[in-house]
Amino acid sequence: MATLNKVRRLVIKVGTSTLTYNTGKTNIRQMRKLVSVIADLVNAGMEVALVTSGAIGVGVGKLGLEDRPVTTAGKQAASTVGQCELMFMYDKMFGEYGHTIGQFLITKENVENQENCKNLINAFEKTFEYGAIPVINENDAIAVEEIVFGDNDSLSAIVAKLIKADALLILTDIDGLYDKNPQEEEDARIIPVVNEITESLFEIAGGKGSRFGTGGMITKLQAAQIATEAGIHTIVMNGAAPDDIYKVLEGHQVGTFFVAK
């Protein structure tokens with residue numbers, strides 16, 4: 001993992017489970033820790049893009065709903081409320097460290113359209129040039145497919161590919177990819193390094209995400225596959241301790257390291 005010592009452009013993806021409590025309310029302490037680490041990395045000269053989930057989850061909490069909506073329209077409505085709250089909090093927290101953020105709300109359609117994709121890349125590059133931190137989320141109000149399946153895992157890999165990032169860190173609520181289901185098998189062990197993503201790994205990774213999120217290990221494997229095939233090292237790690245990001249970048253073993261092709 002010593003190859004991560006030279007990372008200059010980094011994409012960090014944070015999931016709903018890291019940003020919210022089981023109540024659906026925002027986990028302010030976790031969010032603040034993550035923001036402080038990112039701000040510090042930028043201070044050190046690194047370019048960091050943050051792909052953030054949580055708009056629907058935060059919207060659920062803001063609206064006082066007992067559960068995540070099951071209808072697409074309900075999820076979209078919750079996301080419009082939650083996205084405002086999410087960006088307000090990021091703007092406030094990053095501002096306390098002297099950093100400016102820029103909001104990117106995109107869909108797969110934006111990436112698949114050649115002209116839109118070119119404009120998107122130019123916007124990312126100019127945002128970095130201006131010294132701002134891109135904060136990216138899917139446009140849940142119109143992106144039906146993503147809010148059903150993605151939880152931004154694939155989006156983070158696509159963004160990493162677009163901006164030619166050196167590495168992608170996916171922060172989640174488990175320690176990495178296990179060789180067995182840790183909730184069912186006591187002897188389950190973390191797989192520290194994956195050199196090739198195979199069908200057997202997808203079989204191991206079966207299972208759904210958290211109560212307020214839509215992702216699971218399968219979507220993280222799919223993201224790792226996209227990124228590593230683009231030459232981008234990918235790490236899936238627990239987001240409960242954002243300071244571990246420093247350890248990863250220093251070459252220490254944290255989570256599961258997917259080696260770029």
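**Briefing: a buried ring pair and the sheet beside it**

Phe104 has a relative accessibility of 9%, and because buried means under 20%, this residue counts as buried. The model described here is a predicted one. Its strands include an open sheet of 8, in which the pairing is mixed.

**Aromatic rings**
- The structure contains 2 aromatic pairs, and in one of them the ring centres of Phe104 and Phe124 lie 4.2 Å apart with their planes at 5°, so this pair is stacked.
- The pair joins distant parts of the chain, since Phe104 belongs to strand β3 and Phe124 to helix α6, with their positions 20 residues apart.
- Phe124, at a relative accessible area of 0%, is buried.

**The sheet and its edges**
- Read across the sheet, the strands follow the order β3-β4-β2-β1-β5-β7-β8-β6.
- The edges are formed by β3 (101–106) and β6 (193–194), and each of these has a single partner strand, so one side of each is left without a neighbour in the sheet.
- β6 pairs with strand β8 (residues 256–258) in the parallel sense, over 2 bridges, and in β8 it is Phe258 that serves as the bridge partner of Val194.

**Helices lying across the strands**
- Helix α6, made of residues 114–129, lies across β1 (9–14), β2 (47–52), β3 and β4 (133–138), and runs at about 165° to β3.
- Helix α10, made of residues 217–229, lies across β1, β5 (167–172), β7 (233–238) and β8, and runs at about 155° to β7.

Terms used
Residues numbered from 1 in each chain as written. Predicted model: local features only at pLDDT ≥ 70, side-chain atom pairs only at ≥ 80, totals over all residues. Heavy atoms only, no water. Pairing = 2+ DSSP bridges. Helix = DSSP H or I, 4+ residues; strand = E, 2+ residues; numbered from the N terminus. Contact = heavy atoms within 4.5 Å. Axes fitted to C-alpha atoms, helices over the stretch in contact; angles between N-to-C directions. Phe/Tyr/Trp six-rings, centres within 6.5 Å; stacked < 30°, edge-to-face > 60°. Buried < 20%, exposed > 50% of the residue type's maximum accessible area, 1.4 Å probe, protein only.
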